[in-house]
Amino acid sequence: GKVVSYSHTAYSDDNGKTWHAGKPTPSGGVGECSVVELQDGTLMLNMRASDGFYRKYCTSTDGGETWSAPAADNELIDCDCQGSIINDGKCLFFSNAASATERINMTVRKSSDEGQTWQGQYLVYPGKSGYSDLVDISDDKIAVFYEGGEKRYTEGLDFKIIAKNSIQ
């Protein structure tokens, strides 16, 4: 009778020739995940959470076949919206509509300790904003593609290039 969301991934061990479904997260209330590989090969799944104003994460040490129990990342404030995470080999970068009340404040955050803490942030757009996606462009720049508008977050799409050293 009750719908419960779970996150899971599809993975390939042969450069995309074949694909396999990984197991879903062991508990629900999460969705719209983004995955990143950490320095030691551990995978981190960053997820939209339906039970609070924060993101959740879990990890996999077997290539995405199974996941640890989702845990809250209280530093990443979230309004129950999709986000994006990437690793440039030195830092993690995360983007989302960083608000506990509504889809506003498109923000990019930076972690130098693989997501244990988030030391830097950059406000990309203070207005209505929603889904986003990050890409690593070069040694000193990333870009964010996101929904944004004045009256509704779905009014348009924007692409911004950001200097990594400006995320403080």
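Here is a short conversation about a predicted model, covering its nonpolar cores, surface patch, backbone angles and salt bridges.

Student: Which strand supplies the largest share of the largest nonpolar core?
Tutor: Good place to start! The largest nonpolar core has 12 residues, among them I86, C91, F93 and M106. Strands β9 (104-111), β10 (120-136) and β11 (141-149) each supply at least two residues of this core. The largest share is 3 residues, and the strand that gives them is β11.

Student: Which residues does V124 touch, leaving out those up to four places away in sequence?
Tutor: V124 is itself a member of the largest nonpolar core. Other members of that core include M106, V108, V144, Y146 and I162. With residues up to four places away left out, V124 touches M106, T107, V108, V144, Y146, K160 and I162.

Student: How many residues are in the second, separate core?
Tutor: In soluble globular proteins, nonpolar side chains tend to be buried together. This model has a second, separate core, which includes L38, M44, L76 and F94, and its size is 8 residues.

Student: Is V135 buried, partly exposed or exposed?
Tutor: Let's place V135 before we decide. V135 is in strand β10, and it belongs to a nonpolar surface patch with I137, F145, L157, F159 and I161. Buried means under 20% relative accessible area and exposed means over 50%. V135 has a value of 40%, so it is partly exposed.

Student: Which side chain makes a polar contact with the side chain of S132?
Tutor: S132 also lies in strand β10, but this residue is buried, with a relative accessible area of 5%. Among the residues S132 touches are Q82, G83, S95 and N96. The polar contact, at 2.7 Å, is with the side chain of S95.

Student: What is the phi of N15?
Tutor: Most residues other than glycine have a negative phi. N15 lies in the loop between β1 (10-11) and β2 (20-21), and it is exposed, with a relative accessible area of 83%. N15 is not a glycine, yet its phi is positive, at about 60°.

Student: Where is D80, which has a positive phi although it is not a glycine?
Tutor: The phi of D80 is about 65°. At 29% relative accessibility, D80 counts as partly exposed. Its place is the loop between β6 (71-77) and β7 (84-87).

Student: How many residues apart in sequence are the parts that E32 and R48 tie together?
Tutor: The structure holds 8 salt bridges, and one of them joins E32 and R48, with the closest N and O atoms 2.7 Å apart. E32 lies in strand β3 (residues 30-37) and R48 in strand β4 (residues 43-49), so the pair ties together parts whose separation is 16 residues.

Student: Which residue meets D78 in a salt bridge?
Tutor: D78 is buried, with a relative accessible area of 0%. Its partner is also buried, at 0% relative accessibility. The salt bridge has an N to O distance of 3.5 Å, and the partner is R55.

Student: How far apart in sequence are the parts tied together by D88 and K164?
Tutor: D88 and K164 form a salt bridge, with the closest N and O atoms 2.8 Å apart. D88 lies in the loop between β7 and β8 (92-97) and K164 in the segment after β12, so the parts they tie together have a sequence separation of 76 residues.

Technical notes
Residues numbered from 1 in each chain as written. Predicted model: local features only at pLDDT ≥ 70, side-chain atom pairs only at ≥ 80, totals over all residues. Heavy atoms only, no water. Core = buried A, V, L, I, M, F, W, Y, C linked by side-chain atoms within 4.5 Å. Buried < 20%, exposed > 50% of the residue type's maximum accessible area, 1.4 Å probe, protein only. Helix = DSSP H or I, 4+ residues; strand = E, 2+ residues; numbered from the N terminus. Contact = heavy atoms within 4.5 Å. Patch = residues over 30% accessible without salt bridge, like charges linked within 9 Å, V, L, I, M, F, W, Y side chains within 5 Å. Areas by Shrake-Rupley, 256 points an atom, 1.4 Å probe, with all protein chains shown as cover. Salt bridge = Lys/Arg side-chain N within 4 Å of Asp/Glu carboxyl O. Polar contact = N/O pair within 3.5 Å; in protein donor to acceptor, adjacent residues only side chain to side chain.
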